[in-house]
Amino acid sequence: MARQAQTKKPKAAVVKRRVAKSSTPPVKPAKAGAEPGAESAARPFAIVAIGASAGGLEALELFLGHVPTGSGMAFVVVQHLDPKRKGMMPELLQRATVMPVVQARNRMKVKPDCVYVIPPNRDISILHDTLYLLEPVAPRGLHLPIDFFFRALADDRKENAVCVILSGMGSDGTLGLRAIKEIGGLVAVQDPASAKFNSMPQSAIDTGLVDMVATAEELPLRIIDTLRRASPRMRGLAVAETETVAQKSAFDKICIQLRSRTGNDFSLYKKSTIYRRVERRMALHQIDRIAHYALYLRENPQEVDLLFKELLIGVTSFFRDPSAWDAMRTKALPELLAACPAGATLRAWVPGCSTGEEAYTLAITFREAQEQLSSRHSLQIFATDLDPDAIARARRAIYPANIVADVSVERLKRYFVEDGNDYRVGKDIREMVVFAPQNAIMDPPFTNLDVITCRNLLIYLGPELQKKLLPLFHYSLKPGGILMLGSSESIGNFTDLFAPIESMARVFQRSSVPSRTLDLEFPTRHLPGKADALMTADLQPATPTLQSLADQVLLQSFSPAAALVTGAGDVLYTSGRTGRYLEPAAGKANWNIHAMAKEGLRQELTLALPKAVRSGERVQCRNLRIGSNGDTQTVDLTVQPIAEPAALRGMAMIVFVDVDAPPVAEAVAGKRTPRRGARVVELEQALSQARQEIQTLRDEMQTSHEEIKSSNEEMQSTNEELQSANEELTTSKEEMQSLNEELQTVNIELQSKVDELSSASNDMKNLLNSTDMATIFLDSALRVRRFTTQATRLFKLLPGDVGRPLSDIARDLVYPGLSHDAEEVLRTLVFVDREIATGDQRWFQVKIMPYRTIDNVIDGVVITFNDISAAKRLEAELRAIGGKEKAAP
């Protein structure tokens, strides 16, 4: 009875929702005379893929129940279903929505304002808006239908793909949403606090790629609003890359703010990519014009950080494009290893490594190639990325269980270790990779490399940056080194720098001698913050005073030449005539003091500037000789670190003072000629300078050694603590596994008992109903425990009367001693059998018997009421006939 009451309640709620929906106007009314769906067919409509698992039915009902009519979107529900049971999901979901809900069939065309549900024991894919059903690859293994469909939807619908992750256990959908995000789709997740099982929503949120988090009933309207906010003008701009003057100005302002806050210049990235990411942020904030968004960035600096994270979205996976990695394993790497000396250590660089999957894939591929050749080479991989959060995740080397979709079972066993519900990269592979934050475009590259894998980075860069990076890769690689690009990338016109090893796999080999001179542009980093503030400050000249004019004369005529530089040597400001000591370097403009210093100053500055900045003390170098206008000039160099004011803290002032050359006679003794004495003095000065440099290097090395030693001790201590914690966690894990097994056993037993009780309850109910006899079960306090339907003809019983004393229930029986007889049965355990009449002249045989449990314990009474009205009427008739016969003569 209680279960029936609970099942009726949701239906009422569904009815209310339907009434509410029927009164809600459509989101986009169809034009008069237009056929249904004609407007949607005219333009691409969004397909919403909904992934759910445990606890997903309620979330799906809430989600679909709040989708307005005429939304113009199609919905594909992908849920973990029991492969052995018939799917009832369409019938259940149909109660929550007025949209037609059907089970997906093979080659079914997707239409807007319809819901399609995955059938049991099938994977579902999509191609050209047509659904395809596939047999699961591993029916007994980890089944990931949500990831599978998300990836297929991303490939098929591009920016018109939307994925929603609702309640569920595990992490299915986490890898698939990365593909949706990469192509400019929308990612929405149910708030974990509102989900019955929050594992799947939380795993999605942890990726940092989610666009919106809300309850299941709030998500539909937010998705619709976000999609409609995406301006058609912006969509066309992202494709055609044609922009108005106002849009270009706003775009440049956005790039300036990004560079000012993060130090990274996105102005030369592919504009279609930048516009698409900006458009998504504009839609989320309900901003229609890019100029307004540029103003919004200025007023909300935290939005600059969020946009920066949006631009850093890097979608990667283990063994992406398997055929390319097969070419590396079977051809490129064996040739490279064969050309290297035995036991040599090879160096590799993975720029744009994202969360590390590609770097670890290279390590595994190298290990497999090494085993094929039985070589003893080793590989050191430097993996870099612009996103520090991605680098942190890569260093942890922990990945969700759904990587089984990309990594074979053999590789999982050999190169990974199970860590709870996740997989951890094995120690042997992890130690081959060093992760570091780096901007490949603005930071110096790694050199003397044997391998560079730069996959799916060039596609985000404009042609100018691509032409800059490829020669830089050639410079970084050793002769014969390997360059591996993504499937959508190429070397362009640099065919003289790289020769294809496997063209289809985008694997190339560095040419030894280029046919033309390389025009290398080494990266230079833009320094954000106070340097920009100092250089771009609005310096409006005030009305000159006598003091300011006098100070100006002193600075121009009597003060020494000087330069204000950062700790890295970038020139911010010069005073006086510095042309005698500094000159621009040939090639691209480079305002670094080390590149501009003339011969004779450069080496001293290399040592003096870091020493002054590090120690905070002034460093002087005397009697330095530099060439000036064909002559030799002696100069004293002073490097003064700046601590005050705060705006200049961390910078240094470099001062140049001309001095007279030291007399030769003071440094020469005996009979040496002036010419020979000058040479001796020069050599002695060089020797003294070399000794000072050696001493400085020794001091620095000693300091570094002590720091490394201290860090090593700390690392050892931390390692011991981690080992101890790991042992404790291992023990706890074993205990939890044992407890889990016990709980599973108990659960199976309880389920068996529940099934038996359910069967017994059904048997008893059918038995009592088949007897057509009113029966009431009372406990030891004569309160109602259970009753049959027939008992309601004699007693005014309702389902809510269970637990009430029977004496409180109104009845038709004229039986005032019922309670007394029941008490006597409880006391004496002797049956009571009486014939009792009702107020309407019906007669019942009432039997009161003790209620015995299976343990032979008396726990109440059982009262049965057998209708004997017919027998009583027959008895009365017989008596009447007998009386007539006696009265007859």
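Which are the buried residues of α3? In this predicted model, they are Gly-56, Ala-59, Leu-60, Glu-61, Phe-63, Leu-64 and Gly-65. Helix α3 spans residues 56-65, and because seven of its ten residues are buried, the helix is largely enclosed by the rest of the structure. The buried set includes Glu-61 alongside residues such as Leu-60, Phe-63 and Leu-64.

From this enclosed helix the reader may turn to the empty space left inside the model. Rolling a probe the size of a water molecule over the atoms shows where such space is left. The count comes to one cavity of 30 Å³ or more, and the largest cavity has a volume of about 40 Å³. Its lining is made by Leu-175, Thr-316, Ser-317, Phe-318, Glu-357, Ile-403 and Asp-406, a set that divides into three nonpolar, two polar and two charged residues.

One of the lining residues, Glu-357, leads on to the backbone, since α15 comprises residues 357-373 and the loop between β11 (345-351) and α15 holds Ser-354. Phi of Ser-354 is near 55°, a positive value in a residue other than glycine. Ser-354 has a relative accessible area of 8%, and because buried means under 20%, this serine counts as buried.

A positive phi is also found at Lys-158, where the angle is about 55° although the residue is not a glycine. Lys-158 lies in a loop as well, the one between α5 (145-157) and β8 (161-165). Its relative accessibility, however, is 39%, so Lys-158 counts as partly exposed, whereas Ser-354 is buried.

Another backbone feature appears in the loop between β24 (631-641) and β25 (652-659), which is the place of Pro-645. Here a cis peptide bond joins Glu-644 and Pro-645, with omega at about 0°.

The last stop is on the surface, where Leu-874, Leu-878 and Ile-881 make a nonpolar patch of about 290 Å². Of these patch residues, Ile-881 is found in helix α27, which runs over residues 869-887. Ile-881 has a relative accessible area of 46%, and because the partly exposed class lies between 20% and 50%, this isoleucine belongs to it. The path through the model thus runs from a helix that is largely enclosed by the rest of the structure to a nonpolar patch on the surface.

Key
Residues numbered from 1 in each chain as written. Predicted model: local features only at pLDDT ≥ 70, side-chain atom pairs only at ≥ 80, totals over all residues. Heavy atoms only, no water. 1 Å grid on protein atoms, 1.4 Å probe; cavity = no way out; pocket = protein on both sides within 12 Å on 5 of 7 lines; lining within 4 Å. Points joined across faces, edges and corners; volume = space filled by probe spheres on them. Nonpolar A, V, L, I, M, F, W, Y, C, P; charged D, E, K, R; others polar. Patch = residues over 30% accessible without salt bridge, like charges linked within 9 Å, V, L, I, M, F, W, Y side chains within 5 Å. Areas by Shrake-Rupley, 256 points an atom, 1.4 Å probe, with all protein chains shown as cover. Salt bridge = Lys/Arg side-chain N within 4 Å of Asp/Glu carboxyl O. Helix = DSSP H or I, 4+ residues; strand = E, 2+ residues; numbered from the N terminus. Buried < 20%, exposed > 50% of the residue type's maximum accessible area, 1.4 Å probe, protein only.
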